[in-house]
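Got the viewer open? Keep the selection box handy, and we'll walk through the model one stop at a time.

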Amino acid sequence: MTPKQLTQKILKKDRLSLARFITLLENRDTKAIEALGDLYPKTGKAIRIGITGPQGVGKSSLLNQLIKEVTKQKKKVGVLAIDPSSALHGGAFLGDRIRMQSHTLNKNVFIRSMATRHNHKGLSSALHDAMTALDAFGCDVIFIETIGIGQDEIAISQLTDLSMLVLSPDFGDKFQALKSGLTETCDLLVVNKIDLPKSKQALATLKEMTYLPVLGVSSKKGTQISVLYKKIIQQYDALKKSKVLDFRRTNQQKAAIREKLEETLLSNFNQFWKDKKIQLEIDRLLQKKKNPNQITKKLSTKL
């Protein structure tokens, strides 16, 4: 089946076609990327939510509970879980996402692990395109989960309508170290595992240390999950009313264009670098007939 045919089936809500199409996008299939043009006019309705935070705080468990909460309201959910790349095959390393397997047969839930593929931003280069496909497929809410603290959080905030930073009670003392940069890119601070001892103290401490809304939940027991989801929707509605959402979505598109330009330029450069003339220039460099600056200036005019 051609990518063009797959997009037509995606618009008819065919899950298998969506899965196949995202695989093509991950492989950077040029015809699939081209076929995205058929889906783009049908996008813009989904709420895009980023879930970030250190490893071990229970992001996947929390996401599992949020999926349940959203589907209870008869809404369709898409999940893109960003995983490290396997060194052997470049695929998603944490692909199973065991905690979310219970939703596999739910026709209103689509979950996909995506590999970073050693992208310098820690994100899959196909992420923008996959979100477009999920939006056109009819997802009301799209969750994007990252693998941990780092550049992912900064990049995710540029791709989503709002994002939340998830911590556990024992991160209360470490929050000051995490604070710089991260809280500036998030809209909500969520403390998971409030069933643990000293969680109330951690919540109180965090509320004193940040201007962000702080909510405590327990993904293990399902405590306060509905409250969290209501807060997410309230935040989204506030962003929409204040026109901040328009600003963020404009930035999302700018980020998408920039990433695609970088991807195209890098691809062109890699092809250019294989040219035999490059080796001739390297030979001149080794023979001290030219210096690196001269060679760089000459080659850059040919790119």
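A residue counts as buried when its relative accessible area is under 20%. By that cut-off, 47% of the 303 residues of the protein are buried. Keep in mind that you're looking at a predicted model.

**The whole chain**

Start with a cartoon view: you should find twelve helices and seven strands. Switch on the surface, and about 16400 Å² is exposed, with carbon and sulfur atoms supplying 54% of that. If you like contact maps, take the contacts between residues at least 6 apart in sequence: 74% of them join residues at least 24 apart.

**Stop 1: helix H1**

Select residues 3–10, which make up helix H1. Which residues here are buried? They're Pro3, Leu6, Thr7 and Ile10. These four cover an arc of only 100 degrees around the axis, so they sit on the same side of H1. Now add residues 15–26, 30–35 and 127–137 to the selection: these are helices H2, H3 and H5, and the buried residues of H1 pack against them.

**Stop 2: salt bridges from H2 and the loop after it**

The whole structure holds 13 salt bridges. Pick Glu26 and Arg112, whose side chains meet in one of them at 3.1 Å, N to O. Glu26 belongs to helix H2 and Arg112 to strand S3 (residues 109–115), so to speak a long-distance link: the two are 86 residues apart. Are they buried or exposed? Both Glu26 and Arg112 are buried.

Next, select Arg28 and Asp129, another salt-bridged pair, again at 3.1 Å, N to O. Arg28 is in the loop between H2 and H3, while Asp129 is in helix H5, 101 residues apart from it. Asp129 has a relative accessible area of 3%, so it counts as buried. Arg28 is buried as well, with a value of 18%.

**Stop 3: along helix H10**

Move to residues 244–273, helix H10. Show the side chains of Arg258 and Glu262: they form a salt bridge at 3.2 Å, N to O. The two are four residues apart in H10, about one turn of the helix. Arg258 is exposed, at 53% relative accessibility, whereas Glu262 is partly exposed, at 29%. While you have salt bridges on screen, select Arg28, Asp129, Lys260 and Glu263 together: bridges that share partners join them into one network.

Stay in H10 and scroll on to Phe269 and Trp273, which are also four residues apart, about one turn of the helix. A search of the whole structure finds one aromatic pair. Why is the pair of Phe269 and Trp273 called stacked? Their ring centres are 5.6 Å apart and their planes are at 25 degrees, and planes under 30 degrees apart count as stacked. Both residues are partly exposed: Phe269 has a relative accessible area of 33%, and Trp273 comes in at 46%.

**Stop 4: a charge over a ring**

Select Lys76 and Phe137. The charged end of Lys76 sits over the ring of Phe137, 4.6 Å from its centre.

**Stop 5: Glu69**

Finish in helix H4 (residues 59–72), where you'll find Glu69. At 11% relative accessibility, Glu69 counts as buried. What is Glu69 in contact with, leaving aside neighbours within four places in sequence? Select Ile225, Ser226 and Tyr229 to see its partners.

Definitions and conventions:
Residues numbered from 1 in each chain as written. Predicted model: local features only at pLDDT ≥ 70, side-chain atom pairs only at ≥ 80, totals over all residues. Heavy atoms only, no water. Phe/Tyr/Trp six-rings, centres within 6.5 Å; stacked < 30°, edge-to-face > 60°. Buried < 20%, exposed > 50% of the residue type's maximum accessible area, 1.4 Å probe, protein only. Lys NZ or Arg CZ within 6 Å of the ring centre and 35° of its normal. Contact = heavy atoms within 4.5 Å. Areas by Shrake-Rupley, 256 points an atom, 1.4 Å probe, with all protein chains shown as cover. Arc of directions from axis to C-beta. Salt bridge = Lys/Arg side-chain N within 4 Å of Asp/Glu carboxyl O.
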